[in-house]
Amino acid sequence: MSQDLWTAVDDHFDRALVPSDPVLDAALEATDEAGLPAIGVAPNQGKLLGFLARMQGARRILEVGTLGGYSTIWLARALPADGRLTTLEVDPTHADVARGNIERAGLGDVVDVILGPAVETLPKLAAEGHGPFDLVFIDADKANNAEYFAWAVRLSRPGTLIIVDNVVRGGAVVDAGNDDPGTLGVHRLVEAVQAEPRVSALALQTVGRKGYDGFVMARVNEG
Ligand code: SAH
Ligand code: DHB
Ligand code: MG
């Protein structure tokens, strides 16, 4: 089993099932041209996020970590006409690139890109009365995952789905000696989820063009 094989299999299915889309292609191209890293979700993962948003009947979506707005566009496209997506980004260049991509996707009136460290912009959102969000996608600096999860729960309603990207990290998560801040951030996240009685959660491993990784999914309990 190898990266080449995982990429070939993603290519195989994406060719048939996740056809190329000029708006998403343009967003990836502009993101690359601006020198941003190619670390957004894969096309099939973006489509999965869109499916989950639709299954949620999501009208309010929160994203932590925008980059060039690729996952943002997949999620925002899943919203109904009166839906809104708020996405938080610390890097002004990333936020600018994302705003351009989102505008060109025809989603400028649907998406708010909020600039600043998410540990500061999340409390502001709460203070301004934003939320509850129906779906939260956490995909920023992994060291702060536990804080972002806590804010996601605060800004949730019963039934909200919270998704956290990059929790497997090539298997580093089971290497007890790994002290990478991202890996430690995953451990802190899992402790926070485990200690939170208001959610039910799982982790799902994935392989594909982005390597060996996975998501934590937590659903806020009803009743
Ligand atoms: N969700 C995007 C990828 C996000 S990459 C996609 O799938 O298309 C992670 C992003 O989080 C980067 O743009 C990075 O600048 C941003 N980020 C890092 N630390 C942050 C912080 N403290 N607050 C908000 N955003 C942050
Ligand atoms: C990185 C960040 C991500 O969100 C991702 O999905 C893959 C890689 C990174 O920072 O390297
Ligand atoms: Mg990610």
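How many residues surround ligand 1, and which are the closest? In this predicted model, 22 residues surround ligand 1, and the closest are V41, S71, E89, H94 and D139. The close-up views below begin with that ligand and then turn to ligand 2, the magnesium ion and several sites along the chain.

**View 1. Ligand 1 sits in the largest pocket.** The elements that give two or more residues to the shell around ligand 1 are helix α4 (70-77) and strand β2 (84-89). Of the closest residues, S71 also makes a polar contact through its side chain, with a polar atom lying 2.9 Å from a nitrogen atom of ligand 1. The backbone takes part as well: a polar backbone atom of G65 is 2.9 Å from a nitrogen atom of ligand 1, and a backbone N or O atom of V90 lies 3.3 Å from a nitrogen atom of this ligand. Taken alone, ligand 1 exposes 590 Å², of which the protein buries 89%.

**View 2. Ligand 2 is surrounded by I39, D139, K142, D165, N166 and K210.** Side chains of three of these residues supply polar contacts to oxygen atoms of ligand 2: D139 through an N or O atom at 2.6 Å, N166 through a polar atom at 2.7 Å, and K142 through an N or O atom at 3.1 Å. On its own, ligand 2 has 290 Å² of accessible area, and the protein covers 61% of that area. D139 is also listed among the closest residues to ligand 1, and it therefore appears in the surroundings of both ligands in these views.

**View 3. The magnesium ion (ligand 3) has protein donors from D139, D165 and N166.** The donor atoms are OD of D139, OD of D165 and OD1 of N166, and they lie 2.0 to 2.2 Å from the ion. Along the sequence, the donor residues follow the spacing D-x25-D-N. D165 counts as buried because its relative accessible area is 3%, and N166 is likewise buried, with a relative accessible area of 11%.

**View 4. N166 and L67 each have a positive phi although neither is a glycine.** Most residues other than glycine have a negative phi. For N166, phi is about 65°, and this residue is placed in the loop between β5 and α8 (181-194). For L67, phi is about 50°; L67 lies in the loop between β1 (60-64) and α4 and is buried, with a relative accessible area of 15%.

**View 5. The peptide bond from G131 to P132 is cis, with omega near 0°.** Most peptide bonds are trans. P132 belongs to the loop between α6 (118-127) and β4 (135-138). The backbone oxygen of F133 is reached, at 2.6 Å, by the side chain of T160, a residue in the loop between α7 (145-154) and β5 (161-165). T160 counts as buried, because its relative accessibility is 0%.

**View 6. A201 lies in strand β6, which spans residues 199-208.** With a relative accessibility of 42%, A201 counts as partly exposed. A201 and V220 are separated by 19 residues in sequence, and their C-alpha atoms are 8.8 Å apart in space.

Notes
Residues are numbered from 1 along each chain as its sequence is written. Chains are lettered from A and ligands numbered from 1 in the order in which they are written. This is a predicted model: local features need pLDDT of at least 70, side-chain atom pairs count only at pLDDT 80 or more; totals for chains, interfaces and linings use all residues. Side-chain values use heavy atoms; hydrogens and water are left out. Donors are N, O and S atoms within 2.8 Å of the metal (3.2 Å for Na, K and Ca); water is not among the atoms, so sites may look incomplete. Buried means under 20% relative accessible area, exposed over 50%, partly exposed in between (1.4 Å probe, protein chains only). A residue is near a molecule or strand if one of its heavy atoms lies within 4 Å of it. A polar contact is a pair of N or O atoms within 3.5 Å; within protein, one must be able to donate a hydrogen and the other to accept it, and residues adjacent in sequence count only if both atoms are side-chain atoms. Accessible areas come from the Shrake-Rupley method with a 1.4 Å probe; for residues, only the protein chains shown count as cover. On a 1 Å grid over the protein atoms alone, a cavity is a set of points where a 1.4 Å probe fits but cannot get out, and a pocket is an open set with protein on both sides within 12 Å along at least five of seven lines; lining residues have an atom within 4 Å of a point. A molecule sits in a cavity or pocket if more than half of its atoms lie within 2 Å of its grid points. Helices (H or I, at least four residues) and strands (E, at least two) are DSSP runs, numbered from the N terminus.
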